[in-house]
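Reader: I'd like to learn how to read a model like this one. Could you walk me through it?

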Amino acid sequence: MAEQDGSAVRDEVAAARRIVVKVGSSSLTTAAGGLDADRVDALVDVLAKVLGRADGGDGGAGGGAGGKEIVLVSSGAIAAGLAPLGLDRRPRDLARQQAAASVGQGLLVARYTASFARYGRRVGQVLLTTDDTSRRAHYRNATRTLDQLLAMGALPIVNENDTVATDEIRFGDNDRLAALVAHLVRADLLVLLSDVDGLYDGDPKKPGTSRIDEVKGPQDLAGVTIGSAGRSGVGTGGMVTKVEAARIAAAAGVPVVLTSASRAGDALLGRSTGTYFHRTGRRSADRLLWLAHASEPRGALTLDDGAVRAVVERRTSLLPAGIAAVEGEFTAGDPVELRDTEGRAVARGLVNFDAKEIPRLIGRSTRDLARELGPAYEREVVHRDDLVVLHRHG
């Protein structure tokens with residue numbers, strides 16, 4: 001893309017109509033756990049003010065064509081549930097995390113509901129797991145739900161469904177979830193709010209470091225040391241996850257502003273703050289970004305050289321004839337990794353057969369399989385519409 005000066009960049013941010021805002025646990029809770037009502041209200045004040053400006057009013061419900069829309073991806077459910085359950089720190093085991101999330105999620109949404117009600121704004125809760133978003137039908141449902149909430153004037157509040165998600169179907173952090181939601185709702189901008197006012201070229205607490213104002217591509221991050229943990233200890237993310245989320249969003253055609261929660265208003269109004277990540281890829285309407293970044297493979301298929309070339313270079317479906325081996329336990333519809341003969345992952349896709357069915361399909365033509373096993377076997381093992389290439393071969 002063409003070079004943009006700072007004013008053009010901020011004009012683009014100010015002009016964004018549909019915005020995904022992600023806020024972390026450390027910006028909403030006390031260090032000991034439990035929601036900080038003043039912090040929640042401060043964030044809501046900013047968001048309502050931005051929406052109110054777009055509506056031409058005082059932040060009340062309404063707004064016509066051209067008004068802004070905000071989707072809020074909010075962490076904080078587990079952290080909010082710590083104090084009520086008598087926990088002094090975030091538990092490590094999944095069961096107690098889920099219990100804390102169950103208690104905290106209700107408190108979190110109730111707090112947002114009450115806070116936005118001060119401005120006449122309605123909110124809607126949307127809880128997602130990766131399983132909801134990597135499968136075609138579930139992806140369409142998530143898109144429709146979010147679009148309908150926005151069309152009806154409600155502000156969606158998105159979180160990972162920690163109460164039921166297992167380790168295998170978790171996003172892992174809400175930064176990545178926010179990047180994928182930005183793609184899902186075709187956002188014009190992603191704003192990642194942290195407890196640090198941007199990306200620094202070293203530890204921001206140490207003298208001699210400076211904030212990176214713009215990132216136009218991976219080359220701008222070469223040699224930059226990125227911290228992996230926040231200061232509060234109540235969340236799971238850190239600057240590493242935020243930069244990775246920014247990279248995912250930028251590659252999907254969504255620009256990103258990374259700044260602190262205290263600078264949210266400046267960021268949303270296009271004022272110079274934080275770190276701006278330029279788009280590095282084109283906007284796409286497909287759901288394959290979810291498959292590439294939000295799915296955990298349940299198994300693997302090894303492809304022969306001809307099948308690797310067909311899948312990677314010609315972007316064809318994977319047929320049984322091109323499979324050399326299978327591993328793992330999976331069922332039809334699960335994500336699987338596609339590997340070359342040297343074990344390198346070249347693609348990922350949603351498989352049409354159970355793992356136990358595939359050994360008798362290996363190396364055979366669909367015509368032969370249909371003749372022997374029935375017409376249900378005259379189809380692709382992974383259809384090209386359910387397949388994303390990860391790396392080019394060779």
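Reader: Which residues of α4 are buried?

Author: Two ground rules before the list. This is a predicted model, where local features need pLDDT of at least 70, side-chain atom pairs count only at pLDDT 80 or more, and totals for chains, interfaces and linings use all residues. Residues are numbered from 1 along each chain as its sequence is written, and side-chain values use heavy atoms, with hydrogens and water left out.

Author: Now the terms. Buried means under 20% relative accessible area, exposed means over 50%, and partly exposed is in between (1.4 Å probe, protein chains only). Helices (H or I, at least four residues) and strands (E, at least two) are DSSP runs, numbered from the N terminus. In α4, the buried residues are Gln97, Gln98, Ala100, Ala101, Gly104, Gln105, Leu108, Val109, Tyr112, Ser115 and Phe116.

Reader: What span does α4 reach from its first C-alpha to its last?

Author: The yardstick is an expected span of 1.5 Å times one less than the number of residues. With 24 residues, α4 reaches 33 Å, close to the 34 Å expected.

Reader: And where is the kink in α4 centred?

Author: A bend at a residue is the angle between axes fitted to the seven residues ending there and the seven starting there. In α4 there's a kink of about 30°, and glycine 104 is at its centre. Gly104 is also on the buried list for that helix.

Reader: Let's move to strands. How many residues of strand β4 are buried?

Author: 7 of the 7 (residues 154-160), so β4 is largely enclosed by the rest of the structure. Both faces are covered: Ala154, Pro156, Val158 and Glu160 are buried on one side, while Leu155, Ile157 and Asn159 are buried on the other.

Reader: Which strands pair with β4?

Author: Two strands count as paired if DSSP finds at least two bridges between them. Strand β2 (residues 69-74) runs parallel to β4 over 2 bridges, and leucine 72 has isoleucine 157 as its bridge partner there. Strand β3 (residues 122-128) is also parallel to β4, over 7 bridges. In that pairing, valine 126 is matched with valine 158.

Reader: How many salt bridges does a search of the whole structure find?

Author: The test is a side-chain nitrogen of Lys or Arg within 4 Å of a carboxyl oxygen of Asp or Glu. The search turns up 24. One of them joins glutamate 12 to arginine 279, with the closest N and O atoms 2.9 Å apart. Glutamate 12 sits in helix α1 (residues 6-15) and arginine 279 in the loop between β8 (275-277) and α10 (288-293), so the pair ties together parts that are 267 residues apart in sequence.

Reader: Is aspartate 41 buried or exposed?

Author: Aspartate 41 is buried, at 17% relative accessible area. Its salt-bridge partner is arginine 111, again with closest N and O atoms 2.9 Å apart. Aspartate 41 belongs to helix α2 (residues 37-55) and arginine 111 to helix α4 (residues 94-117), so this pair links parts 70 residues apart in sequence. Arginine 111 counts as partly exposed at 25%.

Reader: What about a salt bridge inside one helix?

Author: Try aspartate 368 and arginine 371, whose side chains meet at 2.4 Å, N to O. Both lie in helix α12 (residues 366-373), 3 residues apart, about one turn of the helix. Aspartate 368 is partly exposed at 32%, whereas arginine 371 is exposed at 62%. Elsewhere, salt bridges that share partners join Arg17, Arg18, Glu69, Asp147 and Arg186 into one network.
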